[in-house]
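Colleague: Could you walk me through the empty spaces and the charged pairs in this one? I am new to reading structures, so plain sentences would help.

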Amino acid sequence: MLFQLVKCVSIKNEANTSTDLGLGYYVVLGYKPTNRLSLNLKSSNSFKKDFFFKSYQLGFEYIICLKKGGRQFFMLPGIGYSLTTSGTKIGRITLSENMTIDHKKLSKGEHMVYSGNKNQAIAFNLKFKTAIGKRLSLAIGVDYLMPLKVDDHIIFKEDFGLIKRQVSIALNNQLEYYENNTIVKETSYSLHNFSINTGIRFEF
């Protein structure tokens, strides 16, 4: 089945498909084989409806104590593998029936549509944290992604039901994508390689 997705001139943010600053959150599951080394699985998501961001990162952090007396202060350099799917919203589409595109199933109903990519990368992290409680710490850090492979995708996110399923489809012969009334094989979306994050860490 050939599915045509037309990017209309009336769609908001049509002329700007690069990323902007977005509010999001992440959850980290960690295991410490030693007092100085931590193996982490990190999952990140965005709160913004106009920006799709979902990332998984598996890597190591090395724990360095910079201040031992009083309230301790730590530096955590790290490295890992990251798989990120992200995109900017280009509109909505309503499907009157279930359909399959490139072996991916889309349910009937209304979907938000994003123009973006899937990025496999080496992730470099540098974080700082200080304890604010027995198991709580305040952290701030920066991440840098060094891309290994980037594929352009169109992302469909269900806008119905309690659990909103997402489907990411690569641009190929089964999916035609238009920008400014011209069919293109690549999206004009790009993800910033640098990101700054801050928050509360719960550790046990």
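**Cavities and salt bridges**

Modeller: Let us start with the make-up of one cavity wall, keeping in mind that this is a predicted model: by class, the largest cavity is lined by three nonpolar, four polar and four charged residues.

Colleague: How many cavities are there of 30 Å³ or more?

Modeller: The count comes to two cavities of that size, and the largest has a volume of about 110 Å³, while the second largest holds about 30 Å³ of space.

Colleague: Which residues line the largest cavity?

Modeller: Its lining is made up of Val28, Asn40, Lys42, Gln57, Leu58, Gly59, Phe60, Glu61, Asn125, Lys127 and Arg201. The elements that give two or more residues to this lining are β3 (37-46), β4 (51-62) and β9 (109-131), and β4 gives the most, with five residues.

Colleague: And what lines the second largest cavity?

Modeller: That lining consists of Leu171, Asn172, Leu175, Glu176, Tyr177, Ile183, Val184 and Lys185, with two or more residues coming from each of β12 (175-179) and β13 (182-184). The most comes from β12, which gives three residues, and by class the lining has five nonpolar, one polar and two charged residues.

Colleague: Changing topic, how many salt bridges does a search of the whole structure find?

Modeller: The search finds six. In one of them, Arg92 pairs with Glu110, and the closest N and O atoms are 3.6 Å apart. This pair links distant parts of the chain, since Arg92 is in strand β6 (residues 73-95) and Glu110 is in strand β9, 18 residues apart.

Colleague: Are Arg92 and Glu110 buried or exposed?

Modeller: Arg92 counts as partly exposed because its relative accessibility is 40%, and Glu110 also counts as partly exposed, at 31%.

Colleague: What about Arg92 and Asp159?

Modeller: Their side chains meet in a salt bridge as well, at 2.3 Å from N to O. Here Arg92 in strand β6 is linked to Asp159 in the loop between β10 (136-158) and β11 (166-170), 67 residues apart. Asp159 is partly exposed, with a relative accessible area of 22%.

Colleague: Where does Glu158 fit in, and is Glu158 buried or exposed?

Modeller: Glu158 forms a salt bridge with Arg165, the closest N and O atoms being 3.9 Å apart. Glu158 counts as buried because its relative accessibility is 6%, whereas Arg165 is partly exposed at 36%.

Colleague: Which residues are joined into one network by salt bridges that share partners?

Modeller: Those are Lys42, Lys127 and Asp143; Lys42 and Lys127 are also among the residues that line the largest cavity.

Note on methods:
Residues numbered from 1 in each chain as written. Predicted model: local features only at pLDDT ≥ 70, side-chain atom pairs only at ≥ 80, totals over all residues. Heavy atoms only, no water. 1 Å grid on protein atoms, 1.4 Å probe; cavity = no way out; pocket = protein on both sides within 12 Å on 5 of 7 lines; lining within 4 Å. Points joined across faces, edges and corners; volume = space filled by probe spheres on them. Helix = DSSP H or I, 4+ residues; strand = E, 2+ residues; numbered from the N terminus. Nonpolar A, V, L, I, M, F, W, Y, C, P; charged D, E, K, R; others polar. Salt bridge = Lys/Arg side-chain N within 4 Å of Asp/Glu carboxyl O. Buried < 20%, exposed > 50% of the residue type's maximum accessible area, 1.4 Å probe, protein only.
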